[in-house]
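Student: I should like to learn how the terms used for a protein model are justified. May we go through them one at a time?

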Amino acid sequence: MQKGGVGKSTTSINTAGALNARGHDVLVVDADPQGGATLKMGLREEYRSGEFALFDVLSDMGDLTYDDLDQLIIDSAEFDIVPSHLKNFNLEKYLYSEAGGHESLRKAVDRLDTDYDFIVIDSPPNLGPLSDGALIAAENVLFPSHPNTIARDSLEILFEEIDTIEAKFDQYSITTLGAVLNEVPSQGNVAREVEEWFFETFGEDHVFDVPERDVVEHAIEYRTSIFEYDPEDAGYPWDDGPQQDVIAAYDRIADHLEQYQ
Ligand SMILES: Nc1ncnc2c1ncn2[C@@H]1O[C@H](COP(=O)(O)OP(=O)(O)O)[C@@H](O)[C@H]1O
Ligand SMILES: [Mg+2]
(Lines give C-alpha, C1' and ligand atoms only; values in the text may rest on other atoms or scores of the structure.)
(Ligands and ions follow the chains in the order given, each with its own letter.)
Protein backbone atom coordinates (compact mmCIF):
# COMPACT_ATOMS: atom_id res chain seq x y z
CA MET A 1 0.00 0.00 0.00
CA GLN A 2 1.62 3.23 -1.17
CA LYS A 3 0.56 5.08 1.96
CA GLY A 4 2.06 5.52 5.41
CA GLY A 5 0.26 4.78 8.65
CA VAL A 6 -2.28 2.25 7.33
CA GLY A 7 -0.81 -0.61 9.35
CA LYS A 8 1.61 -2.31 6.96
CA SER A 9 4.31 -2.85 9.58
CA THR A 10 1.81 -3.74 12.30
CA THR A 11 0.22 -6.29 9.97
CA SER A 12 3.65 -7.74 9.09
CA ILE A 13 4.66 -8.17 12.72
CA ASN A 14 1.38 -9.57 13.98
CA THR A 15 0.89 -11.87 10.99
CA ALA A 16 4.41 -13.18 11.53
CA GLY A 17 3.60 -13.58 15.24
CA ALA A 18 0.41 -15.49 14.37
CA LEU A 19 2.26 -17.84 12.02
CA ASN A 20 4.93 -18.42 14.67
CA ALA A 21 2.27 -19.22 17.26
CA ARG A 22 1.02 -21.91 14.85
CA GLY A 23 4.45 -23.52 14.85
CA HIS A 24 5.89 -22.08 11.62
CA ASP A 25 9.41 -20.78 11.09
CA VAL A 26 9.00 -17.21 9.97
CA LEU A 27 11.28 -14.51 8.59
CA VAL A 28 10.26 -10.85 8.38
CA VAL A 29 12.14 -8.81 5.79
CA ASP A 30 11.85 -5.08 6.41
CA ALA A 31 12.06 -3.64 2.89
CA ASP A 32 10.96 -0.16 4.00
CA PRO A 33 13.88 2.29 4.36
CA GLN A 34 11.82 3.98 7.09
CA GLY A 35 12.27 0.82 9.13
CA GLY A 36 8.83 0.66 10.75
CA ALA A 37 8.96 -3.07 11.55
CA THR A 38 12.63 -2.86 12.57
CA LEU A 39 12.08 -0.01 15.01
CA LYS A 40 8.87 -1.55 16.34
CA MET A 41 10.87 -4.66 17.23
CA GLY A 42 13.41 -2.50 19.08
CA LEU A 43 16.28 -2.86 16.60
CA ARG A 44 17.24 0.82 16.59
CA GLU A 45 21.00 0.19 16.77
CA GLU A 46 20.86 -2.18 13.79
CA TYR A 47 18.79 0.36 11.87
CA ARG A 48 21.15 3.24 12.53
CA SER A 49 24.54 1.59 12.64
CA GLY A 50 24.36 -2.08 11.69
CA GLU A 51 27.41 -3.16 9.69
CA PHE A 52 25.55 -4.45 6.65
CA ALA A 53 22.18 -3.70 5.11
CA LEU A 54 19.90 -4.71 2.24
CA PHE A 55 21.70 -1.92 0.42
CA ASP A 56 24.88 -4.00 0.46
CA VAL A 57 23.09 -7.18 -0.63
CA LEU A 58 20.90 -5.75 -3.39
CA SER A 59 22.95 -2.98 -5.00
CA ASP A 60 26.18 -3.32 -6.95
CA MET A 61 27.62 -0.63 -4.71
CA GLY A 62 27.76 -2.57 -1.46
CA ASP A 63 30.16 -5.05 0.08
CA LEU A 64 27.84 -8.06 -0.16
CA THR A 65 26.06 -9.96 -2.96
CA TYR A 66 22.67 -11.63 -3.49
CA ASP A 67 24.12 -14.72 -1.80
CA ASP A 68 24.61 -12.94 1.50
CA LEU A 69 21.12 -12.15 2.73
CA ASP A 70 21.67 -14.70 5.52
CA GLN A 71 24.27 -12.39 7.00
CA LEU A 72 21.62 -9.78 7.74
CA ILE A 73 19.29 -12.08 9.67
CA ILE A 74 18.73 -11.36 13.35
CA ASP A 75 17.13 -14.09 15.44
CA SER A 76 14.47 -13.26 17.93
CA ALA A 77 12.26 -15.41 20.08
CA GLU A 78 9.24 -15.07 17.81
CA PHE A 79 10.59 -14.76 14.28
CA ASP A 80 13.80 -13.88 12.50
CA ILE A 81 14.13 -10.47 10.93
CA VAL A 82 16.17 -8.83 8.21
CA PRO A 83 16.17 -5.33 9.66
CA SER A 84 15.98 -2.18 7.64
CA HIS A 85 18.83 0.31 7.70
CA LEU A 86 19.20 4.05 7.13
CA LYS A 87 21.45 3.18 4.17
CA ASN A 88 18.47 1.66 2.39
CA PHE A 89 17.19 5.16 1.59
CA ASN A 90 19.87 5.08 -1.13
CA LEU A 91 18.70 1.77 -2.47
CA GLU A 92 15.82 2.91 -4.69
CA LYS A 93 17.95 4.95 -7.05
CA TYR A 94 20.36 2.04 -7.57
CA LEU A 95 17.57 -0.43 -8.15
CA TYR A 96 16.13 1.93 -10.78
CA SER A 97 19.35 2.11 -12.73
CA GLU A 98 20.65 -1.44 -12.39
CA ALA A 99 19.60 -4.14 -14.83
CA GLY A 100 17.63 -6.66 -12.82
CA GLY A 101 17.22 -4.24 -9.94
CA HIS A 102 13.54 -5.11 -9.56
CA GLU A 103 14.37 -8.80 -9.25
CA SER A 104 17.26 -8.45 -6.84
CA LEU A 105 15.26 -9.04 -3.65
CA ARG A 106 13.73 -12.12 -5.24
CA LYS A 107 17.19 -13.48 -6.07
CA ALA A 108 18.47 -12.81 -2.57
CA VAL A 109 15.46 -14.48 -0.94
CA ASP A 110 15.74 -17.49 -3.27
CA ARG A 111 19.36 -17.96 -2.21
CA LEU A 112 18.76 -17.95 1.54
CA ASP A 113 20.46 -20.89 3.24
CA THR A 114 17.85 -21.13 5.97
CA ASP A 115 14.47 -22.65 5.14
CA TYR A 116 11.45 -20.77 6.36
CA ASP A 117 7.82 -21.78 6.22
CA PHE A 118 6.81 -18.17 5.62
CA ILE A 119 8.65 -15.00 4.66
CA VAL A 120 6.77 -11.78 5.34
CA ILE A 121 8.03 -8.70 3.48
CA ASP A 122 7.07 -5.30 4.85
CA SER A 123 6.95 -2.76 2.02
CA PRO A 124 7.65 0.95 1.79
CA PRO A 125 4.78 3.47 1.55
CA ASN A 126 5.41 4.36 -2.09
CA LEU A 127 5.46 2.72 -5.50
CA GLY A 128 8.95 2.15 -6.84
CA PRO A 129 11.58 -0.50 -7.38
CA LEU A 130 11.60 -1.52 -3.71
CA SER A 131 7.87 -2.18 -3.52
CA ASP A 132 7.91 -3.75 -7.01
CA GLY A 133 10.82 -5.85 -5.79
CA ALA A 134 8.83 -6.94 -2.74
CA LEU A 135 5.89 -7.95 -4.96
CA ILE A 136 8.17 -9.95 -7.26
CA ALA A 137 9.97 -11.60 -4.36
CA ALA A 138 6.78 -12.59 -2.56
CA GLU A 139 4.40 -13.16 -5.51
CA ASN A 140 1.66 -13.11 -2.89
CA VAL A 141 0.16 -9.92 -1.55
CA LEU A 142 -1.91 -8.97 1.45
CA PHE A 143 -3.21 -5.40 1.27
CA PRO A 144 -3.46 -3.57 4.59
CA SER A 145 -5.69 -0.54 4.34
CA HIS A 146 -7.89 1.68 6.38
CA PRO A 147 -11.58 1.01 5.86
CA ASN A 148 -12.35 4.23 3.98
CA THR A 149 -12.98 5.46 0.46
CA ILE A 150 -9.47 6.87 0.02
CA ALA A 151 -8.12 3.33 0.33
CA ARG A 152 -10.03 2.35 -2.80
CA ASP A 153 -8.14 4.84 -4.95
CA SER A 154 -4.78 3.75 -3.55
CA LEU A 155 -5.63 0.12 -4.14
CA GLU A 156 -6.77 0.74 -7.71
CA ILE A 157 -3.43 2.40 -8.48
CA LEU A 158 -1.64 -0.53 -6.87
CA PHE A 159 -3.60 -3.05 -8.95
CA GLU A 160 -2.46 -1.20 -12.09
CA GLU A 161 1.13 -1.37 -10.87
CA ILE A 162 0.78 -5.12 -10.36
CA ASP A 163 -0.61 -5.50 -13.92
CA THR A 164 2.38 -3.52 -15.21
CA ILE A 165 4.84 -5.75 -13.32
CA GLU A 166 3.16 -8.88 -14.63
CA ALA A 167 3.24 -7.56 -18.18
CA LYS A 168 6.92 -6.69 -17.91
CA PHE A 169 8.07 -9.81 -16.09
CA ASP A 170 5.83 -12.50 -17.49
CA GLN A 171 7.51 -15.29 -15.51
CA TYR A 172 5.87 -13.97 -12.34
CA SER A 173 2.25 -14.09 -11.42
CA ILE A 174 1.23 -12.13 -8.39
CA THR A 175 -1.54 -13.59 -6.26
CA THR A 176 -3.85 -11.50 -4.14
CA LEU A 177 -4.20 -13.12 -0.73
CA GLY A 178 -6.69 -10.62 0.59
CA ALA A 179 -7.20 -7.27 2.24
CA VAL A 180 -6.71 -6.38 5.88
CA LEU A 181 -9.12 -3.68 7.00
CA ASN A 182 -7.02 -2.22 9.75
CA GLU A 183 -8.18 -0.14 12.70
CA VAL A 184 -11.86 -0.85 12.37
CA PRO A 185 -13.39 1.47 15.00
CA SER A 186 -14.89 -0.25 18.01
CA GLN A 187 -17.86 2.12 17.96
CA GLY A 188 -19.74 1.99 14.69
CA ASN A 189 -19.13 -0.15 11.67
CA VAL A 190 -17.25 0.23 8.42
CA ALA A 191 -19.34 2.28 5.98
CA ARG A 192 -21.53 -0.13 4.04
CA GLU A 193 -20.38 1.17 0.65
CA VAL A 194 -16.70 0.71 1.60
CA GLU A 195 -17.26 -2.80 2.91
CA GLU A 196 -19.16 -3.77 -0.24
CA TRP A 197 -16.34 -2.53 -2.45
CA PHE A 198 -13.81 -4.63 -0.50
CA PHE A 199 -16.06 -7.70 -0.59
CA GLU A 200 -16.61 -7.35 -4.35
CA THR A 201 -12.95 -6.69 -5.07
CA PHE A 202 -11.34 -9.35 -2.87
CA GLY A 203 -14.18 -11.77 -2.11
CA GLU A 204 -15.93 -11.81 1.23
CA ASP A 205 -13.74 -14.52 2.77
CA HIS A 206 -10.59 -12.65 1.70
CA VAL A 207 -11.33 -9.51 3.74
CA PHE A 208 -10.05 -9.47 7.30
CA ASP A 209 -11.02 -6.90 9.92
CA VAL A 210 -8.55 -5.90 12.60
CA PRO A 211 -10.08 -3.75 15.35
CA GLU A 212 -8.56 -0.49 16.50
CA ARG A 213 -7.32 -1.18 20.03
CA ASP A 214 -4.72 0.37 22.33
CA VAL A 215 -3.43 -3.14 23.00
CA VAL A 216 -1.94 -3.20 19.48
CA GLU A 217 0.31 -0.27 20.39
CA HIS A 218 1.03 -1.66 23.87
CA ALA A 219 2.35 -4.89 22.32
CA ILE A 220 4.62 -2.85 20.04
CA GLU A 221 5.91 -0.92 23.07
CA TYR A 222 6.59 -4.32 24.62
CA ARG A 223 8.58 -5.28 21.47
CA THR A 224 6.55 -8.36 20.62
CA SER A 225 3.65 -9.25 18.40
CA ILE A 226 0.25 -9.37 20.04
CA PHE A 227 0.75 -13.12 20.53
CA GLU A 228 3.72 -12.90 22.93
CA TYR A 229 2.51 -9.75 24.65
CA ASP A 230 2.05 -10.11 28.42
CA PRO A 231 -0.38 -7.40 29.64
CA GLU A 232 0.36 -8.02 33.34
CA ASP A 233 4.11 -7.70 32.83
CA ALA A 234 3.70 -4.65 30.60
CA GLY A 235 1.64 -2.88 33.27
CA TYR A 236 -1.68 -2.92 31.39
CA PRO A 237 -3.55 -5.80 33.08
CA TRP A 238 -6.85 -4.57 31.58
CA ASP A 239 -5.51 -5.41 28.10
CA ASP A 240 -6.44 -9.08 28.51
CA GLY A 241 -9.83 -8.96 26.80
CA PRO A 242 -8.87 -6.70 23.88
CA GLN A 243 -5.74 -8.80 23.37
CA GLN A 244 -7.90 -11.87 22.76
CA ASP A 245 -9.97 -9.96 20.16
CA VAL A 246 -6.87 -8.87 18.29
CA ILE A 247 -5.29 -12.34 18.51
CA ALA A 248 -8.46 -13.79 16.99
CA ALA A 249 -8.25 -11.28 14.12
CA TYR A 250 -4.65 -12.15 13.21
CA ASP A 251 -5.28 -15.83 13.73
CA ARG A 252 -7.92 -15.70 10.98
CA ILE A 253 -5.34 -14.14 8.67
CA ALA A 254 -2.73 -16.81 9.52
CA ASP A 255 -5.28 -19.56 9.00
CA HIS A 256 -6.02 -18.12 5.56
CA LEU A 257 -2.31 -17.83 4.65
CA GLU A 258 -1.68 -21.46 5.55
CA GLN A 259 -3.91 -22.40 2.62
CA TYR A 260 -1.35 -20.86 0.25
CA GLN A 261 1.71 -22.46 1.84
N1 LIG B 1 -5.34 -2.13 14.96
C2 LIG B 1 -4.70 -1.07 15.49
N3 LIG B 1 -5.15 -0.47 16.61
C4 LIG B 1 -4.52 0.60 17.13
N5 LIG B 1 -3.42 1.17 16.59
C6 LIG B 1 -2.92 0.63 15.46
C7 LIG B 1 -3.53 -0.51 14.85
N8 LIG B 1 -2.81 -0.82 13.73
C9 LIG B 1 -1.82 0.08 13.65
N10 LIG B 1 -1.87 0.95 14.69
C11 LIG B 1 -0.95 2.08 14.91
O12 LIG B 1 -1.00 2.92 13.77
C13 LIG B 1 0.29 3.45 13.48
C14 LIG B 1 0.68 3.15 12.04
O15 LIG B 1 0.83 1.75 11.88
P16 LIG B 1 2.01 1.14 11.01
O17 LIG B 1 1.87 -0.32 11.07
O18 LIG B 1 3.32 1.71 11.42
O19 LIG B 1 1.64 1.67 9.55
P20 LIG B 1 2.49 1.65 8.19
O21 LIG B 1 3.51 0.58 8.31
O22 LIG B 1 1.49 1.41 7.11
O23 LIG B 1 3.10 3.03 8.08
C24 LIG B 1 1.25 2.85 14.51
O25 LIG B 1 1.44 3.78 15.53
C26 LIG B 1 0.49 1.62 15.01
O27 LIG B 1 0.86 1.27 16.32
MG1 LIG C 1 5.58 0.66 7.98
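**Reasoning from values to terms**

Tutor: Let us begin with Val57, whose place is in helix H4. Please keep in mind that this is a predicted model.

Student: Why is Val57 called buried?

Tutor: Buried means under 20% relative accessible area. Val57 has a relative accessible area of 1%, so Val57 is buried. As for its position relative to Arg111, the two residues are 54 residues apart along the chain, and their C-alpha atoms are separated by 12 Å.

Student: Where does Phe79 lie, and why is Phe79 called buried?

Tutor: Phe79 belongs to the loop between helix H4 (54–58) and strand S2 (80–82). Its relative accessible area is 3%, which is under 20%, and therefore Phe79 is buried. Phe79 and Ala16 are 63 residues apart in sequence, yet 6.9 Å separates them in space, C-alpha to C-alpha.

Student: Is Thr15 buried or exposed?

Tutor: Thr15, which is found in helix H1, has a relative accessible area of 3%. Because this value is under 20%, Thr15 is buried. From C-alpha to C-alpha, Thr15 and Leu177 are 13 Å apart in space, and in sequence they are 162 residues apart.

Student: What makes Ala234 partly exposed?

Tutor: Exposed means over 50%, buried means under 20%, and partly exposed is in between. The relative accessible area of Ala234 is 27%, so Ala234 is partly exposed. Ala234 is found in helix H11 (residues 231–234). Ala108 is 126 residues from Ala234 along the chain, and the C-alpha atoms of the two are separated by 37 Å.

Student: What is stated about phi of Glu139, and why does Glu139 count as buried?

Tutor: Phi of Glu139 is near 60°, a positive value in a residue other than glycine. Glu139 is located in the loop between helix H7 (129–138) and strand S4 (140–145). At 18% relative accessibility Glu139 is under 20%, and therefore counts as buried.

Student: Why does Glu183 count as partly exposed?

Tutor: Glu183 has 31% relative accessibility, which is in between 20% and 50%, so Glu183 counts as partly exposed. The place of Glu183 is in strand S5. Phi of Glu183 is near 60°, which is again a positive value in a residue other than glycine.

Student: Let us turn to the ligand. Which residues come nearest to ligand 1?

Tutor: There are 16 residues around ligand 1, of which Gly5, Thr10, Lys40, Pro211 and Glu217 come nearest.

Student: How do you know that Thr10 makes a polar contact with ligand 1?

Tutor: A polar contact is a pair of N or O atoms within 3.5 Å. An N or O atom in the side chain of Thr10 is 2.5 Å from an oxygen atom of ligand 1, so this pair is a polar contact. For Lys40, a side-chain N or O atom is 2.7 Å from an oxygen atom of ligand 1, and therefore this pair also qualifies. In Ser9 it is a backbone N or O atom that lies 2.9 Å from an oxygen atom of ligand 1, so the cut-off is met there too. The protein covers 81% of the 560 Å² of accessible area that ligand 1 has on its own.

Student: Which elements supply the shell around ligand 1, and where does ligand 1 sit?

Tutor: Helix H1 (8–21), strand S5 (175–184), strand S6 (207–211) and helix H10 (214–221) each supply at least two residues of the shell. H1 gives the most, with 3 residues. Ligand 1 sits in the second largest pocket.

Student: How do the residues of the shell around ligand 1 divide?

Tutor: They comprise 4 nonpolar, 6 polar and 6 charged residues.

Note on methods:
Residues are numbered from 1 along each chain as its sequence is written. Chains are lettered from A and ligands numbered from 1 in the order in which they are written. This is a predicted model: local features need pLDDT of at least 70, side-chain atom pairs count only at pLDDT 80 or more; totals for chains, interfaces and linings use all residues. Side-chain values use heavy atoms; hydrogens and water are left out. A residue is near a molecule or strand if one of its heavy atoms lies within 4 Å of it. A polar contact is a pair of N or O atoms within 3.5 Å; within protein, one must be able to donate a hydrogen and the other to accept it, and residues adjacent in sequence count only if both atoms are side-chain atoms. Accessible areas come from the Shrake-Rupley method with a 1.4 Å probe; for residues, only the protein chains shown count as cover. On a 1 Å grid over the protein atoms alone, a cavity is a set of points where a 1.4 Å probe fits but cannot get out, and a pocket is an open set with protein on both sides within 12 Å along at least five of seven lines; lining residues have an atom within 4 Å of a point. A molecule sits in a cavity or pocket if more than half of its atoms lie within 2 Å of its grid points. Helices (H or I, at least four residues) and strands (E, at least two) are DSSP runs, numbered from the N terminus. Ala, Val, Leu, Ile, Met, Phe, Trp, Tyr, Cys and Pro count as nonpolar, Asp, Glu, Lys and Arg as charged, and the others, Gly among them, as polar. Buried means under 20% relative accessible area, exposed over 50%, partly exposed in between (1.4 Å probe, protein chains only).
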